[in-house]
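Reader: I would like a close look at one part of this structure. Please pick a strand and go through what surrounds it, step by step.

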Amino acid sequence: MILTGVLIAALCVVICGVVIGAPKLERALMYAPDPAYTTPSEIGLAGYSERILETADGEALVTWYAPPRRGQPTLLYIHGNAGTLADRMVRLAGYRAMGRGVLIMSYRGYSGSTGRPSEKDNVADAMFAYDTLMSWGIDAEDLLVYGESIGTGIAVQVAASRPVAGIILDAPYTSIVDVAERCYPFLPARLLMRDRYETLKHLDKVTAPLLVIHGEQDSIIPVEMGRKVAEHAPGEAHIATFPEAGHTDHGDFGSFEAVNDWIDRLRQKGRHRDVRRQAS
């Protein structure tokens, strides 16, 4: 009886320790903030300028902005869980060269931004970035939301509550809980996780055209999740997969071109709709 009581007490201590420490463990496993600060000019990224967004709760978000050329759309770019804005330099330069506008937002604790990341704050900050673009004169019909990896769960929530011309999901997941269970099967992720990024739940409210891009060799977020996201979309959805690509290298296998082809087709369809409206 005494031994049983000791074991029960020890188990309670372990459970309490897991529950109390779960938020810190979750943040450590989910986010890999790199605070290294730089500016577009310091890395030779032409056409971009730094814009600091001051949040309502007193944090400062570092963003880089390139305005669109006449007749071109703007991408609200929401990046993945690691690295800096500078790590997306090649892709950002490519969009700029095509005349696309881009606003890329760094999360709290990343690239010189203050604060600490969480789902609640990341989503609120992305909504704020969207609203800021509207205040700069960007029309919703010219705005595309681009989510990369963990940023796909944020992009979906933006598109579920704000009008957008389209949404691009780069290596999306069904929910971050599903990813955690796959990567850390020894942890009770579904029970303890607070930042859940329930993509499928929010996707039900997204009516904008959707493009999913995914590497078929992705060992972090399996391509099956990307396919499931595309299948679940209530509106028009397309998926482009790349047989030899992993999680972050599909740009080497044609994903950049696939994204831009989809954007051009989407814009062309929009122009045709405008012509039909004017004719009627």
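Author: What follows is an account of one strand, its sheet and the helices around it.

The model is predicted. The strand is E7, residues 143-148. E7 belongs to an open sheet of 8 strands, in the order E2-E3-E6-E4-E7-E8-E9-E10, with mixed pairing. Strands E2 (49-54) and E10 stand at the edges; each has a single partner strand, so one side of each is left without a neighbour in the sheet. Neighbouring strands of this sheet are turned by 20° against each other on average, if direction is ignored.

In the order of the sheet, E7 stands between E4 and E8. E4 and E7 run parallel and are joined by 5 bridges. Leucine 75 has leucine 144 in E7 as its bridge partner. On the E8 side, 5 bridges again join the two strands, and E7 and E8 run parallel. Here valine 145 stands opposite isoleucine 167 of E8. Mixed pairing also calls for an antiparallel example: E3 (residues 60-66) and E6 (residues 101-105) run antiparallel, with 4 bridges between them. In that pair, threonine 63 stands opposite methionine 105.

Next comes burial. In a regular strand the side chains alternate between the two faces of the sheet. In E7 both faces are covered: Leu143, Val145 and Gly147 are buried on one side, and Leu144, Tyr146 and Glu148 are buried on the other. That is 6 of 6 residues of E7.

One element that packs on the sheet is helix H4 (residues 150-161), which touches E4 (74-78), E7 and E8. The direction of H4 makes about 150° with that of E7. Together, E7, H4 and E8 make a right-handed β-α-β unit.

E8 (166-170) leads on to another helix, as E8 is among the elements that cover the buried residues of H8. Those residues of H8 (223-232) are Val223, Met225, Gly226, Val229 and Ala230. They lie on the same side of H8 because they cover an arc of only 155° around the axis. An α-helix has 3.6 residues a turn, so residues three or four places apart point the same way. On the other side of H8, Glu224 and Glu231 are exposed.

Helix H5 (176-183) also helps to cover the buried residues of H8. H5 has buried residues of its own: Ile176, Val177, Val179 and Ala180. Seen down the axis of H5, these fall within an arc of 160°, so they line one face of the helix.

How values were computed:
Residues numbered from 1 in each chain as written. Predicted model: local features only at pLDDT ≥ 70, side-chain atom pairs only at ≥ 80, totals over all residues. Heavy atoms only, no water. Buried < 20%, exposed > 50% of the residue type's maximum accessible area, 1.4 Å probe, protein only. Arc of directions from axis to C-beta. Contact = heavy atoms within 4.5 Å. Pairing = 2+ DSSP bridges. Axes fitted to C-alpha atoms, helices over the stretch in contact; angles between N-to-C directions. Right-handed = clockwise from strand over helix to strand, strands pointing away.
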